Amino acid sequence: DTLQRFQVLRGLWYVALIRLELQTARELGEQLLTLAQQADDAVLRVEAHYALGLTMNYLGALAAAQTHLAQGIALYDPQQHRTHAVRYGQDAGVACRAYGALTLWWLGYPERALRQSSEALTLARELAHPFSVGFALVFAAWLHQLRREGPQTQEWAEAAIAIVAEHKFAALHA
């Protein structure tokens, strides 16, 4: 069925992304979006926009990345997406905001980047999903590092290390 196909494609997308097979990841992301649109499923569209936003970010197509991440944020509903944090390991609304904050920074919008990073942290804490909280903290530390704000970078990094160590999130610990 559609959900199973989507989950398989998303898994394949993630493997391609991690292996830096970025053209394959892009094609799989586009397939995810097409499948989500055909199913007329806003929940799946958020995940597809996240996949494409992240892939475009890695490809250096920052404007396209920001467009997809912003679309994911616009479609996101915490009530509808709560189960996706369990299914995919992180909350798509948090992830779109966290990556979107860095993308905004790289595009030259430092104040918007800070606001979006703050939104990612607030949402993650409201959801009380530990991996999403750790994810938002890691990205907040990264943003403040880019801004050359040492004390704030350290504060967010230490908070991230604490939650990552507590829950043994090896990927985030690195």
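**Figure 1. A cavity and the residues around it.** In this predicted model, the largest cavity has a lining made of Ala98, Ala101, Ser117, Ala120, Ala136, Phe139, Ala140 and Leu143. Three elements each give two or more residues to that lining: helix H6 (92-107), helix H7 (110-127) and helix H8 (130-146). Which of them gives the most? That would be H8, with 4 residues. Searching the whole structure turns up 1 cavity of 30 Å³ or more, and the space inside the largest cavity comes to about 30 Å³. Sort the lining by class and you get 7 nonpolar residues, 1 polar residue and no charged ones. If you wonder how anyone spots a hole like this, rolling a probe the size of a water molecule over the atoms shows where empty space is left.

**Figure 2. Serine 117, part of the cavity lining.** Zoom in on helix H7 and you will find serine 117, one of the residues that line the largest cavity. Is serine 117 buried or exposed? Its relative accessible area is 6%, so serine 117 is buried. Leaving out residues up to four places away in sequence, serine 117 touches Ala101, Ala140 and Leu143. Those three names may ring a bell, as Ala101, Ala140 and Leu143 also appear in the lining of the largest cavity.

**Figure 3. Valine 94 and its neighbours.** Valine 94 sits in helix H6. Its relative accessibility is 0%, so valine 94 counts as buried. What does valine 94 contact, leaving aside neighbours within four places in sequence? The list is Ala120, Leu123, Ala124, Leu127, Ser132 and Ala136. Two of these names, Ala120 and Ala136, are also found in the lining of the largest cavity. For a sense of distance, try isoleucine 73: it is 21 residues from valine 94 in sequence, and their C-alpha atoms are 8.7 Å apart in space.

**Figure 4. Tyrosine 50 in the largest nonpolar core.** The largest nonpolar core holds 52 residues, and the ones touching the most other members are Trp13, Tyr50 and Phe135. Many helices chip in: helix H1 (2-18), helix H2 (22-38), H3, helix H4 (62-75), H6, H7, H8 and helix H9 (150-167) each provide at least two residues of this core. As a rule, nonpolar side chains in soluble globular proteins tend to be buried together. Now look at tyrosine 50 by itself. With neighbours within four places in sequence set aside, tyrosine 50 is in contact with Arg10, Trp13, Leu69, Gln90, Ala95, Cys96 and Tyr99.

**Figure 5. Histidine 49 and a polar contact.** Histidine 49 belongs to helix H3 (residues 42-59). With a relative accessibility of 6%, which is under the 20% cut-off, histidine 49 counts as buried. Which side chain makes a polar contact of 3.1 Å with the side chain of histidine 49? The partner is glutamine 71. Besides Gln71, histidine 49 touches Leu33, His68, Leu69, Gly72 and Leu75, not counting residues up to four places away in sequence.

**Figure 6. Threonine 103 and leucine 62, in contact across two helices.** Threonine 103 has its place in helix H6, while leucine 62 is found in helix H4. At 0% relative accessibility, threonine 103 counts as buried. Beyond residues up to four places away in sequence, threonine 103 touches Asn57, Leu62, Ala65, Gln66 and Leu69. Leucine 62, counted in that way, touches Asn57, Thr103, Trp106 and Leu107. Threonine 103 and alanine 63 are 40 residues apart along the chain, with 8.3 Å between their C-alpha atoms. Leucine 62 and leucine 137 are 75 residues apart along the chain, and 22 Å separates their C-alpha atoms.

**Figure 7. Two loop residues with positive phi.** Aspartate 40 is placed in the loop between H2 and H3, and alanine 128 is in the loop between H7 and H8. Most residues other than glycine have a negative phi. Aspartate 40, though not a glycine, has a positive phi near 50°. Alanine 128 is not a glycine either, and its phi is positive too, at about 55°. Are these two buried or exposed? Aspartate 40 counts as exposed because its relative accessibility is 62%, and alanine 128 counts as exposed at 59%.

Terms used:
Residues numbered from 1 in each chain as written. Predicted model: local features only at pLDDT ≥ 70, side-chain atom pairs only at ≥ 80, totals over all residues. Heavy atoms only, no water. Buried < 20%, exposed > 50% of the residue type's maximum accessible area, 1.4 Å probe, protein only. Polar contact = N/O pair within 3.5 Å; in protein donor to acceptor, adjacent residues only side chain to side chain. Contact = heavy atoms within 4.5 Å. 1 Å grid on protein atoms, 1.4 Å probe; cavity = no way out; pocket = protein on both sides within 12 Å on 5 of 7 lines; lining within 4 Å. Points joined across faces, edges and corners; volume = space filled by probe spheres on them. Nonpolar A, V, L, I, M, F, W, Y, C, P; charged D, E, K, R; others polar. Core = buried A, V, L, I, M, F, W, Y, C linked by side-chain atoms within 4.5 Å.
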